[in-house]
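Here is a set of questions and answers for a reader who is meeting this structure for the first time. Please look through the sequence and the 3D view before reading on.

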Amino acid sequence: MRVRTRAAIVAAGVAVCVLALLGVWFVAKQFGNQLRLPMASRTCTVQADGRVVLGADQMANAATIAAIGMQRRMPERAVVVALATAYQESHLRNIAHGDRDSLGLFQQRPSQGWGTPEQIRDPRYAADKFYSSLRKVKGWEKMRITEAAQRVQRSAYPEAYQKWADESEVLTRALLGDATGAVACTVGPTPTMRGPAAATALVRNLALDWGLPGLTAPTDLTDFTVPATDTRDGWRYAHWLVSHADDHGVKRVRFGDLEWTAEHGTWDRVKNDGAPTQVLAEVFAAT
């Protein structure tokens, strides 16, 4: 009898575990895009009349999407639509899979003429293609965010984009320079890049995202400057630099009397001894 009782208890325990796993699978399948799981240590917090928390890779992708929108001279609302779309389609992650042959931030399909798989996996290319398609939608500026996104994406869930409107508006205000010291990222002790390679990649991608000609990689890693025509442009570039801190080895960013450091992951007040229209940055030295 004892053996049978123990066997019954074990069988019941296994059954409970199986049911629990099935429950987790079902929830993830049905609501995966909406779940807000705890972030890893490398996170970014955006505060601009609202608060958004993203992983480092999500923040970098959001910054590139916003920059490409401005380079194309799209209205700010277009950036909100683009970010809401990428939020829903990939949760702002440049994924290599999706429904059928869908890929990348916007889950664009090579078979539908969006480009080659390699092109679609390039966040800059993907964002540019999204804005090109949005521009062709007549009257998109007056549509709800989800309606404008749906006209481009033609999703099976046309209302799904609207639930990311608030987060996308917060990100847009910050990334387009409408807020001060609004993007703060925590960078781990081992950034992806360091030294001259990091500086070269940082300058190259900043120039490509924003369409800034004439930027050159600094010879002194502690004295990289980005000219800004006004305060708003300054915060656009400063927030972009912080957004890409983890993947480009950014150690410090200063604009005006505020400075962000990888050590603290926050913006703190400092003595303003720099030019009012100049963003200063530093990358981690090579080990």
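Q: Is Ser168 buried or exposed?
A: In this predicted model, Ser168 has a relative accessible area of 0%, and the cut-off for a buried residue is under 20%. Because its value falls under that cut-off, Ser168 counts as buried.

Q: Which helix holds Ser168, and which residues does Ser168 contact beyond its neighbours within four places in sequence?
A: Ser168 has its place in residues 165-175, which form helix α7. Once the neighbours within four places in sequence are left aside, the contacts of Ser168 are Val80, Leu83, Ala84 and Tyr87.

Q: How many of the residues of α7 are buried?
A: The buried residues of α7 include Ala165, Glu167 and Ser168, and further along the helix Val170, Leu171, Thr172, Ala174 and Leu175. Helix α7 is thus described as mostly covered, and the count of its buried residues is 8 of 11.

Q: What phi does Gly177 take just after α7?
A: Gly177 follows just after the end of α7, and its phi is positive. The value for Gly177 is about 80°.

Q: Where is Ile65 placed, and in which helix?
A: Ile65 is buried, with a relative accessible area of 0%. The place of Ile65 is within residues 56-71, and these make up helix α2.

Q: Which residues does Ile65 touch, not counting residues up to four places away in sequence?
A: Contact here means heavy atoms within 4.5 Å. By that cut-off, and with residues up to four places away not counted, Ile65 touches Ala82, Leu83, Ala86, Leu92, Leu105, Phe106, Ala127 and Tyr131.

Q: What separates the C-alpha atoms of Ile65 and Tyr125?
A: Along the chain, Ile65 and Tyr125 are 60 residues apart. In the model, the separation of their C-alpha atoms is 9.7 Å.

Q: Why is α2 oblique to α8?
A: The axes of α2 and α8 come within 7 Å of each other, and they cross at roughly 50°. Angles from 65 to 115 degrees count as roughly perpendicular and those under 35 as roughly parallel, so a crossing of roughly 50° falls in neither class. The relation of α2 to α8 is therefore oblique.

Q: Which residues make the contact of α2 with α8?
A: By class, this contact has 5 nonpolar, 2 polar and 1 charged residues. On the side of α2 they are Thr64, Ala67, Ile68, Met70 and Gln71, and on the side of α8 they are Leu208, Asp209 and Trp210.

Q: At what angle do α8 and α9 pack?
A: Helix α8 (residues 195-210) and helix α9 (residues 231-243) have their axes 11 Å apart. The two helices are oblique to each other, and α8 passes α9 in a right-handed crossing. The angle at which they pack is about 130°.

Q: Which residues of α9 meet α8?
A: The residues of this contact divide into 6 nonpolar, 1 polar and 2 charged. Helix α8 brings Leu202, Asn205, Leu206, Asp209 and Trp210 to the contact, and the residues of α9 that they meet are Arg236, Tyr237, Trp240 and Leu241.

Q: In what order do the 3 strands of the open sheet stand?
A: Strand β1 (residues 43-47) pairs with β2 in the antiparallel sense over 5 bridges, and Cys44 stands opposite Leu54 in β2. The pairing in this open sheet is antiparallel, and the order of its strands is β2-β1-β3.

Q: Which are the edge strands of this sheet?
A: An edge strand here pairs on one side only. This holds for two strands, at residues 51-55 and 183-185, and they are β2 and β3.

Q: Is Asp49 buried or exposed?
A: Asp49 lies in the loop between β1 and β2, and its phi is near 55°, which is a positive value in a residue other than glycine. Its relative accessibility is 74%, and a residue over 50% counts as exposed. Asp49 is therefore exposed.

Q: Is His91 buried or exposed?
A: His91 has its place in the loop between α3 (76-90) and α4 (117-120), and its phi is near 55°, also a positive value in a residue other than glycine. Because its relative accessible area is 14%, His91 counts as buried.

Methods:
Residues numbered from 1 in each chain as written. Predicted model: local features only at pLDDT ≥ 70, side-chain atom pairs only at ≥ 80, totals over all residues. Heavy atoms only, no water. Helix = DSSP H or I, 4+ residues; strand = E, 2+ residues; numbered from the N terminus. Buried < 20%, exposed > 50% of the residue type's maximum accessible area, 1.4 Å probe, protein only. Pairing = 2+ DSSP bridges. Axes fitted to C-alpha atoms, helices over the stretch in contact; angles between N-to-C directions. Parallel < 35°, antiparallel > 145°, perpendicular 65-115°, else oblique. Left-handed = near helix turned anticlockwise from the far one by under 90°. Nonpolar A, V, L, I, M, F, W, Y, C, P; charged D, E, K, R; others polar.
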